[in-house]
Amino acid sequence: GGVSLCSNSKETFNLNNIMMVLPFIETSSFLWLVILDRPTRFLEYTLSLRLASDAIKTEISKRLILEELAGGKSTSLHLNIPDNSIYIKMLGTFQLKINGETIDCFDIGGRQCTLFLANLLLYRRRLISTQEITELLLRNGEVDDPKNTIKSVVFRIRKTFKPYIGDDIIVTRHGSYALNPKFKFNLDISHFELYCSMAKRETTSELEKLALLEYAIKLYKGDMLPGLESEAAFLGRITYFRLLFDSALESYFTILLNNKRYIQIFRTAANLTAQICLAPKIHALLVKALIAMERQDLAGAYIESISEKGVRL
C-alpha cells in the first residue's frame, strides 16, 4: 500500500491532487485495488487516512473471502473459483457442497460411510491403510471379511457422489485409500484455524485482528462433526477446535470491550448462545461490558441466571 502523487511535476504541489492506492487481493486475472481520489476530503471524519483505507480494504477482502468460503461465484467480483473445488463444512454439521448442490454426509449410506469419509477428509494429504480403516469402522469387532466390508463402504460413498462430480471421490492405491487428487477439498476447519493463527501474529494490526477473529467466529457453527464426539479418532480434534474458538471469542470480545463497542459484543453473543455453550471467561467479559455500560442491575441479574445453569465466573 502507498500513495501515488497524481499532480504534474511542473505544477505546484497540491494536496488535492493526491490519490491513495492500496492493492489488497490478487486473483489469477485481477489485481484489486482500493483507490481514494483526493483522500484529504475525509480528514474531517477520521484522524488517520491509513486507518480509514485499511477499513475499506478489510471489508472488501472479507466479502471476497466469505464468498469463496460459501463456494459461490460472484460475477461482480470476478472470483476465480476452480470448477473442481469441493467445499466441506464440519463445524456444527457435516456437509459437502459440489457445483451448487449440498449433500448431507450423515445420510450417505450409514454411520460407517460417514466415519470413513470424515477420516479421509481430516487426513486428506496421505493414504489411509486398510488396517487404519478397519480399526476406525469396526472398533476391533469380529467380522468375517473386513476387506469386503470396507469395499462395500467405499462403493456406497462413490455411488453417492459420482452423479455430482462425474468421477470417483475415493481412489485406491496399493490397498490403501485416499481422496481423488483431481479435486480441491476446502474445509471450513482449515480456514477457521488459519484465521485464528493469523490473528495471533504480532505484526497483525488491531483492525486486521478484529476482522480475522470475526471471520473465525462466523465460521464456527458448533463443535466439529456433531454426533461423532464418542469416536476416539475425532475427540482430540473436536476439543482442539473448541479451545481455538473459545480463545478467538475471548480475544474478539476483549478488543470490542476496550473500544467500548458494547452493542456488537451482545449482538455477537446473542447469535452464538442458541447453538454454542459459552465458556465462563466469555460470560465474565459480558458482565464487564454491562458494568462498563453502568448497568449493574443487568450484570447482577445475568450472573444470577448463569449461576442457576451451573456456570461459575
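A nonpolar surface patch is built here from nonpolar side chains joined within 5 Å, each residue having over 30% relative accessible area and no salt bridge. The legends below describe close-up views of a predicted model.

**Figure 1. Leu31, Leu33 and Ile35 make a nonpolar surface patch.** The patch covers about 270 Å². Ile35 belongs to strand 3, which spans residues 31–37. With a relative accessible area of 46%, Ile35 is partly exposed. This value is over the 30% that a patch residue needs.

**Figure 2. The protein as a whole has 10 helices and nine strands.** Of its 313 residues, 40% are buried. The accessible surface comes to about 17700 Å², and carbon and sulfur atoms account for 51% of that area. Among contacts with a separation of 6 or more, 55% are between residues 24 or more positions apart. This view gives the setting for the close-ups that follow.

**Figure 3. Thr114 sits in helix 2 and is buried.** Helix 2 covers residues 111–122. The relative accessible area of Thr114 is 2%, so the residue counts as buried. Apart from neighbours within four places in sequence, Thr114 is in contact with Phe94, Cys105, Phe106, Ile108 and Leu228. One of these, Cys105, is the subject of the next view.

**Figure 4. Cys105 lies in the loop between strand 6 and helix 2.** Strand 6 is made of residues 101–104. Cys105 is buried, because its relative accessibility is 0%. Leaving out residues up to four places away in sequence, Cys105 touches Phe94, Gln95, Leu96, Thr114, Leu117 and Phe161. Phe94 is thus a contact of Cys105 and also of Thr114. The C-alpha atoms of Cys105 and Thr160 are 9.8 Å apart in space, although the two residues are 55 apart in sequence.

**Figure 5. Two further cysteines, Cys196 and Cys277, are shown by their accessibility.** Which of them is buried and which is exposed? Cys196 is buried, at a relative accessible area of 3%. Cys277 is exposed, at 59%. A disulfide is a covalent bond between the sulfur atoms of two cysteines. The count of disulfides in this model is zero.

**Figure 6. Arg242 and Asp246 form a salt bridge within helix 7.** The distance from N to O is 3.1 Å. Helix 7 runs over residues 232–258. The two residues are separated by about one helical turn, because they are four residues apart in this helix. Both Arg242 and Asp246 are buried. Together with Asp223, Arg242 and Asp246 are linked in a network of salt bridges. The count of salt bridges in the model is eight.

**Figure 7. Glu132 and Arg126 are joined by a salt bridge between their side chains.** The N to O distance is 3.0 Å. Glu132 has a relative accessible area of 31% and is partly exposed. Arg126 is partly exposed too, at 37%.

**Figure 8. Asp168 forms a salt bridge with Lys162.** The closest N and O atoms are 3.8 Å apart, which is within the 4 Å used for a salt bridge. Asp168 is partly exposed, with a relative accessibility of 23%. For Lys162 the value is 42%, so Lys162 is also partly exposed.

**Figure 9. His174 has a positive phi in the loop between strand 7 and strand 8.** Most residues other than glycine have a negative phi. In His174, phi is near 50°. The loop falls between strand 7, residues 170–173, and strand 8, residues 176–179. His174 is exposed, with a relative accessible area of 84%.

**Figure 10. Glu294 and Gly310 have positive phi values beside helix 10.** Glu294 lies in the loop between helix 9 (280–292) and helix 10. Its phi is near 60°, a positive value in a residue other than glycine. Glu294 is exposed, at 64% relative accessibility. Helix 10 holds 13 residues, 296–308. From its first C-alpha to its last, helix 10 reaches 19 Å, close to the 18 Å expected at 1.5 Å a residue. Gly310, just after helix 10, takes a positive phi of about 90°.

Key: Residues are numbered from 1 along each chain as its sequence is written. This is a predicted model: local features need pLDDT of at least 70, side-chain atom pairs count only at pLDDT 80 or more; totals for chains, interfaces and linings use all residues. Side-chain values use heavy atoms; hydrogens and water are left out. Buried means under 20% relative accessible area, exposed over 50%, partly exposed in between (1.4 Å probe, protein chains only). Contact means heavy atoms within 4.5 Å. Patches are made of residues with over 30% relative accessible area and no salt bridge: like charges are joined within 9 Å, nonpolar side chains (Val, Leu, Ile, Met, Phe, Trp, Tyr) within 5 Å. Accessible areas come from the Shrake-Rupley method with a 1.4 Å probe; for residues, only the protein chains shown count as cover. A disulfide is a pair of cysteine sulfur atoms within 2.5 Å. The expected span of a helix is 1.5 Å times one less than its number of residues.
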